[in-house]
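Work through the exercises below with the structure open beside you. Try each task before reading its solution.

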Amino acid sequence: MSLWMNAQPAAGLVRVSLVGPMGIGKTTALRSLCGALMAAADVPNLDRASHSKEFTTVGAEFGEIDLGGGERLQLVGSPGQERFDFVRRWVLNASVGVLLMVDVCDARAPDYAAQCLAEIASLESEPLVVVVSCRDASEQQQEAFSSALADRGHGIVPVIQADPRDRQQLLDALGVLVSLLSLQSQA
Ligand SMILES: Nc1nc2c(ncn2[C@@H]2O[C@H](COP(=O)(O)OP(=O)(O)OP(=O)(O)O)[C@@H](O)[C@H]2O)c(=O)[nH]1
Ligand SMILES: [Mg+2]
C-alpha cells in the first residue's frame with residue numbers, strides 16, 4: 001500500500017476511484033480488472049458484525065489498466081468501513097472519476113449514495129460519478145433507486161449494472177465513465 005498519493009497521477013494516467021459500502025465488492029472489482037497487477041490493502045476482518053466476510057480493506061488499494069486507444073487508468077479502491085471515511089475522502093479528492101458501487105435493492109443505498117454525492121459535490125475539483133449497481137436488480141429496482149436519489153436532491157446520475165466479478169461488465173462501466181470524462185473535457 002502506498003502511504004501517500006500525488007494530487008495528479010503519473011503522466012497519461014487518469015485516476016478513477018472505487019467507493020462503496022463494506023462488502024460491496026471494491027477489492028473484488030480491482031482484482032477482476034487488474035489481476036496480480038494491484039496492490040491490495042486487505043487484512044482479516046475483525047468487524048464480523050458489519051459483514052461476515054473473511055477480509056476487509058484498511059487503506060487505499062491501487063491497480064492500473066490499459067483501456068486501449070492510449071487510455072490508461074489508475075484505479076484506487078477505498079475501504080468501506082465507516083471508521084476509514086477519511087481514507088475515502090482523501091481518495092475522492094485525488095480522483096477525476098468515481099465508480100460509486102451500491103446494491104440498489106438495499107434500502108440503505110439511496111442514503112449512502114446521496115451522502116457520497118454530497119461529499120463529492122463539496123470537493124474543490126469535483127470528480128465525475130457513475131453509480132454501479134453491483135447485485136442483480138431489475139429495471140424497476142434501478143429506477144426506484146434513481147428516483148429515491150433524485151428525491152434526496154441529486155440530479156441524474158448514470159446507473160450501470162456490473163458484477164464486480166465480471167471483468168467485461170466492469171470495463172463497460174469504466175468505458176461509460178471515460179466517455180463522460182472526455183465529453184466533459186471537450187465542453
Ligand atoms: N454475491 C456476490 N458476491 C460478491 C460480489 N462481488 C463480490 N462478492 C463477494 O463479496 C465479498 C466481499 O468482496 P470485497 O471485494 O472484499 O468487498 P469490498 O467492497 O472490498 O469490502 P471492504 O474492503 O471491506 O469495504 C467477497 O467474498 C466477494 O467474493 C457480487 O457481485 N455478488
Ligand atoms: Mg475491499
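The exercises concern one residue, one helix and one ligand shell in a predicted model.

**Exercise 1.** Decide whether Val132 is buried or exposed, and list its contacts.

Solution. Start by locating the residue: Val132 belongs to strand E8, residues 128-133. Next, count neighbours: 30 C-beta atoms lie inside 10 Å of Val132. A residue is buried when 20 or more other C-beta atoms lie within 10 Å of its own, so Val132 counts as buried. Finally, leaving out residues up to four places away in sequence, Val132 touches Leu99, Leu100, Met101, Ile160, Ala162 and Ala173.

**Exercise 2.** Check the span of helix H5 against the expected value, then find where its buried residues lie around the axis.

Solution. Helix H5 covers residues 167-186, which is 20 residues. The expected span is 1.5 Å times one less than the number of residues, which gives 28 Å for H5. Its end C-alpha atoms are 28 Å apart, so the two values agree. Now take the buried residues of H5: Leu170, Ala173, Leu174, Leu177 and Val178. Viewed down the axis of H5, the buried residues fall within an arc of 140 degrees, so they line one face of the helix. The face turned away from this side carries the exposed residues Gln168, Ser179, Ser182, Leu183 and Gln186.

**Exercise 3.** Describe the shell around ligand 1.

Solution. The ligand is surrounded by 18 residues, of which Gly25, Thr27, Thr28, Thr57 and Gly80 are the closest. By type, the shell has 5 nonpolar, 8 polar and 5 charged residues. Helix H1 (26-34) and strand E4 (55-57) each supply at least two of them. H1 gives the most, with 3 residues.

Terms used:
Residues are numbered from 1 along each chain as its sequence is written. Chains are lettered from A and ligands numbered from 1 in the order in which they are written. This is a predicted model: local features need pLDDT of at least 70, side-chain atom pairs count only at pLDDT 80 or more; totals for chains, interfaces and linings use all residues. Helices (H or I, at least four residues) and strands (E, at least two) are DSSP runs, numbered from the N terminus. A residue is buried if 20 or more other C-beta atoms lie within 10 Å of its own, exposed if 12 or fewer, and partly exposed in between; C-beta atoms are placed from the backbone. Two residues are in contact if their C-beta atoms, placed from the backbone, lie within 7 Å. A residue is near a molecule or strand if its C-beta atom, placed from the backbone, lies within 6 Å of it. Ala, Val, Leu, Ile, Met, Phe, Trp, Tyr, Cys and Pro count as nonpolar, Asp, Glu, Lys and Arg as charged, and the others, Gly among them, as polar. The arc is that of the directions from the helix axis to the C-beta atoms.
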